[in-house]
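This report describes the fold, core and selected loop positions of one protein chain. Please consult the sequence and the structure shown below.

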Amino acid sequence: MTLAWHSQTLHQFFRHIRGSPNATWRPISIPGGDVTVTDLPHALPQIQKNVLANVPPDHIPNVCALSWGIDQVHFPQDYDFVLGADIIYLKETYDLLIQTLLHLCGPRTTILLSSKMRKEHGTMDFFQNLLPQYFNVEIVKRDAKDDLNIYRMTCFQN
Ligand SMILES: C[S@@+](CC[C@H](N)C(=O)[O-])C[C@H]1O[C@@H](n2cnc3c(N)ncnc32)[C@H](O)[C@@H]1O
């Protein structure tokens, strides 16, 4: 299994899914999995610390810089899963993020994005109008209390 996710995504992702503020990074230790954690270059030292503090030594993932719209070309295009949490909040990065997801998403890839639905950031428009131009998009879970949605996406050829 290959898996890419964005920084603390699984923590946030499983917290959204379980509705528990105490979810930990534990789920990222996938025996036999090939896991890559990405973020902007300046964030990597903190990510490395978080990984070392929370992941069993025999399942340490790759930690790599990936600036959306720039670095994705250095990454594979056949991940099983690409996970992202709380990364839809800067309108000027939306096109760059889509370019990145299009590169990472192969025919077998499932992308899961969890997001707070912030009106001021046009998050609903991103998921309902922008993303569907490039991906099959469906909502898989909604937490109305915290206004959090989780979406599943696949490439059009799937
Ligand atoms: C609100 S934080 C969420 C962090 C983490 N996913 C979580 O749930 O705790 C947004 C993340 O997006 C990253 N980010 C923002 N712009 C980016 C870009 N252009 N390329 C790559 N990462 C970016 C930030 O560095 C930050 O880690």
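Where is Ile87 found? Ile87 belongs to the loop between β4 and α3, and the section on loop residues returns to this position.

## Model and confidence

The structure is a predicted model. The mean pLDDT of the protein is 85, and 79% of its residues reach 70 or more. Over residues 20-27, however, pLDDT stays under 50; for this segment the model has 15 contacts beyond four places in sequence. Where pLDDT is low, predicted coordinates should not be read in detail.

## Overall organisation

The protein contains four helices and seven strands. Read from the N terminus, its elements follow the order β-α-β-α-β-β-α-β-α-β-β. Of the 158 residues in the protein, 29% are buried.

Contacts in the protein between residues at least 6 apart in sequence were also classified by separation: 72% of them join residues at least 24 apart.

## Strand pairing around β7

Strand β7 (residues 148-155) runs antiparallel to strand β6 (residues 135-143), and eight bridges join the two. Within this pairing, Asn136 stands opposite Thr154 in β7, while Lys141 stands opposite Ile150 in β7. The strands β6 and β7 form a hairpin with four residues between them.

Strand β7 also pairs with β5 (residues 110-116), again in the antiparallel sense, over six bridges. Here Leu112 stands opposite Arg152 in β7. Strand β7 is thus bridged to β6 and to β5.

## The nonpolar core

In soluble globular proteins, nonpolar side chains tend to be buried together. The largest nonpolar core of this model has 18 residues. The residues with the most contacts inside this core are Val82, Leu101, Leu104, Cys105, Ile111, Leu113 and Met153. The elements that give two or more residues to the core are β4 (81-85), α3 (94-104), β5 and β7. The largest share, four residues, comes from α3.

Met153 illustrates how the core is connected. Leaving out residues up to four places away in sequence, Met153 touches Ile111, Leu113, Leu131, Phe135, Asn136 and Val137. Asn136, one of these partners, is the residue that stands opposite Thr154 in the pairing of β6 and β7.

## The buried face of α3

Which residues of α3 are buried? They are Tyr94, Leu97, Thr100, Leu101 and Leu104. Viewed down the axis of α3, these buried residues fall within an arc of 125 degrees, so they line one face of the helix. An α-helix has 3.6 residues a turn, so residues three or four places apart point the same way.

## Loop residues

Most residues other than glycine have a negative phi. Asp86 has a positive phi, near 55 degrees, and is located in the loop between β4 and α3. Because Asp86 has 18 C-beta neighbours inside 10 Å, it counts as partly exposed. Ile87 is found in the loop between β4 and α3 and is also partly exposed, with 18 C-beta neighbours inside 10 Å. Ile87 and Ser114 are 27 residues apart in sequence, yet their C-alpha atoms are 8.3 Å apart in space.

Asp147 lies in the loop between β6 and β7, that is, in the turn of the hairpin. Its phi is likewise positive, near 55 degrees. Asp147 is classed as partly exposed because 13 C-beta neighbours lie inside 10 Å.

## Cys155 and its surroundings

Cys155 is placed in strand β7. Is Cys155 buried or partly exposed? Cys155 is partly exposed, since 17 other C-beta atoms lie within 10 Å, whereas a buried residue requires 20 or more.

Cys155 is 50 residues from Cys105 in sequence, and the two are 6.5 Å apart in space, C-alpha to C-alpha. Setting aside neighbours within four places in sequence, Cys155 is in contact with Cys105, Pro107, Thr109 and Phe135. Two of these partners appear in the description of the core: Cys105 is among the residues with the most contacts inside the core, and Phe135 is one of the residues touched by Met153.

Methods:
Residues are numbered from 1 along each chain as its sequence is written. This is a predicted model: local features need pLDDT of at least 70, side-chain atom pairs count only at pLDDT 80 or more; totals for chains, interfaces and linings use all residues. Two strands pair if DSSP finds at least two bridges between them. A nonpolar core is a set of buried Ala, Val, Leu, Ile, Met, Phe, Trp, Tyr and Cys residues joined through C-beta atoms within 7 Å. A residue is buried if 20 or more other C-beta atoms lie within 10 Å of its own, exposed if 12 or fewer, and partly exposed in between; C-beta atoms are placed from the backbone. Two residues are in contact if their C-beta atoms, placed from the backbone, lie within 7 Å. The arc is that of the directions from the helix axis to the C-beta atoms. pLDDT is the predictor's confidence in each residue, from 0 to 100.
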